[in-house]
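Work through the exercises below with the structure open beside you, and try each task before you read its solution.

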Amino acid sequence: MAEVRQRHRVGLAADLPPGRHTIVRAGNRELGIFNIAGTLHALPNLCPHQRGPLCAGSTSGTLVDGDTTGWKLTWSHEGEIITCPWHGLEFHVPTGQCMAWPEIRLRTYDVSVVDGEIEVAL
Amino acid sequence: MAIAAEKGGRETLATTFVLDGDVHLNEPPGELAEYAEAPWDVGLREIAKASGLYLALPGMAPRAEYRVPWPGGQNRSQVVTNAADMRRELDELHVDVAVLYPDNLLMLPMVRDPRFALALARAYNAWLCERWLSAEPTLRGALVACPQRPEESAEDIRRHAGHPGVCCIYLPACGLKPLYGHRQYEPIWKAATETGLPVAIHSVEAVFPAFPFQLECFETSLAQHALAHPLSMIANLVSLLETGVPMRWPEIRWGFMEAGVGWVPWIANRLDKEYLERRREVPHLKERPSHYIRQFFYGTQPIEEPLARGDIVKVFELFDGERTAVFASDWPHHDFDHPQHVFGLPFSPDARRAILGGNGARFYGIEIPAKYRAAA
């Protein structure tokens, strides 16, 4: 059985150039819409820690270290990390993966551009 | 104590009395200059021109560390500079009454010139009463004690103790030497007893050559911050008990702020074990150390967040925290706790009400507003 998802138009693509993100309302949800190097991503604007407004934070890269970097401290994921303004918990925007808590991955939403408008599927 | 819920409705944070036992105002040096005695007003006006790092104003809040400013990270303001802004922000958190502590003066014990330290403390207390407590009755204040000059500080505490907004004496602990068990602080205990004000010890992270702040052996603020607060509380609690301060001043209510609560059962059990062997050294203790530790009050923030949420309730049970823990948000600082988080923990309804409001009301001597008191 195919899942029927509602599509919401949440703004003009021209207003969201690469490197920017914004908070929109879609149905009864608040989402963050991110333009990372021309690709759009959407996450809930709700931090699973203490319910802070996650997407009101700023995006940046972050520091990683481990076997993937040869145990060398590395600045990585430039532009792909959102940091919750309340307590600093970090999330990888394209996947929704929480950087500190491996068991937490946020729901991500399909987002596309239709006739110049950003459309998100809930 | 029963507190009225909305008629027929279920209890929510909005129907619960929330007393926030620890929020932080920001004390700009230029404003303190207006209240400072000469010649320190001149110095404070100079400090006001300097662009200090957050909580590291030259002279006023010395901090022997500097972190690399990587891009990104928490992007919200962590200072509140006036009573109206504080009231509005606390409304958003559903906080009814809050107790104000300073920002920069968290580091008062690290100020090396005791004359300047005393001038800062006096200016702060006068400024706090006039600019904050007189402006907004739901904001209550802790008078800062100056550990470098206890005698004069006690006089200053007496001067302001009668202000209706004053509810506590704040003992800064960051970089403190000697610890609060030392005899030199007796004038402050005398003032606390005479004024009936409780005392609250509050520390902050710093690297400083005074026990237990020699944190230079750690490389990250994760390590330093994790240890600075609870080690400071543990050090001062042990110091007070070993020299018998709470026994000699039995009317004082003692509070320990901003170190979470997990350390409390650990030190209580540890001291009880020591006591059975070494009672002769501390014959002023008539009971096990844990007996006295259960009479102290403890700010909840930063409340531990074990993966199994219910575990935090067990931690509170281990030190009688459902009767002595005082909700604190630490707003607007980096690791503040939202009262909704504490409201949602699996405490019993009575314990939840006590932790969010009743215990703080007893500790600070603050009346619970009529709308939250159950009809008889």
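The three exercises that follow deal with a predicted model, and each solution goes step by step.

**Exercise 1.** Describe the open sheet of chain A that contains E1, E10 and E9.

Solution. Begin with the order of the strands, which is E1-E10-E9 in this open sheet of three strands, with antiparallel pairing. Next, look for the edges: strand E1 (7-12) and strand E9 (110-114) of chain A are the edge strands, since each pairs on one side only. From one strand to the next, the twist averages 30 degrees. Finally, follow one pairing in detail: E1(A) and strand E10 (residues 117-121) of chain A are joined in the antiparallel sense over five bridges, and in E10(A) the residue A:Ile118 is the bridge partner of A:Gly11.

**Exercise 2.** Find out why chain B can be called as compact as a globular protein of its length.

Solution. Start with the elements of chain B, which are 14 helices and eight strands. The radius of gyration of chain B is 20 Å, and the globule rule gives 21 Å for 376 residues; the two values are close, so chain B is as compact as a globular protein of that length. Along the principal axes, its C-alpha atoms fill a box of roughly 60 × 55 × 45 Å. Then turn to the interior, where 48% of the 376 residues of chain B count as buried.

**Exercise 3.** Which classes of residue make up the side of chain B that touches chain A?

Solution. First take the residues in the contact, twelve from chain B and 14 from chain A. Then sort the chain B side by class, which gives two nonpolar, eight polar and two charged residues.

Key: Residues numbered from 1 in each chain as written. Chains lettered and ligands numbered in written order. Predicted model: local features only at pLDDT ≥ 70, side-chain atom pairs only at ≥ 80, totals over all residues. Pairing = 2+ DSSP bridges. Helix = DSSP H or I, 4+ residues; strand = E, 2+ residues; numbered from the N terminus. Axes fitted to C-alpha atoms, helices over the stretch in contact; angles between N-to-C directions. Contact = placed C-beta atoms within 7 Å. Nonpolar A, V, L, I, M, F, W, Y, C, P; charged D, E, K, R; others polar. Rg over C-alpha atoms; globule rule 2.2 N^0.38 Å. Buried ≥ 20, exposed ≤ 12 C-beta atoms within 10 Å, placed from the backbone.
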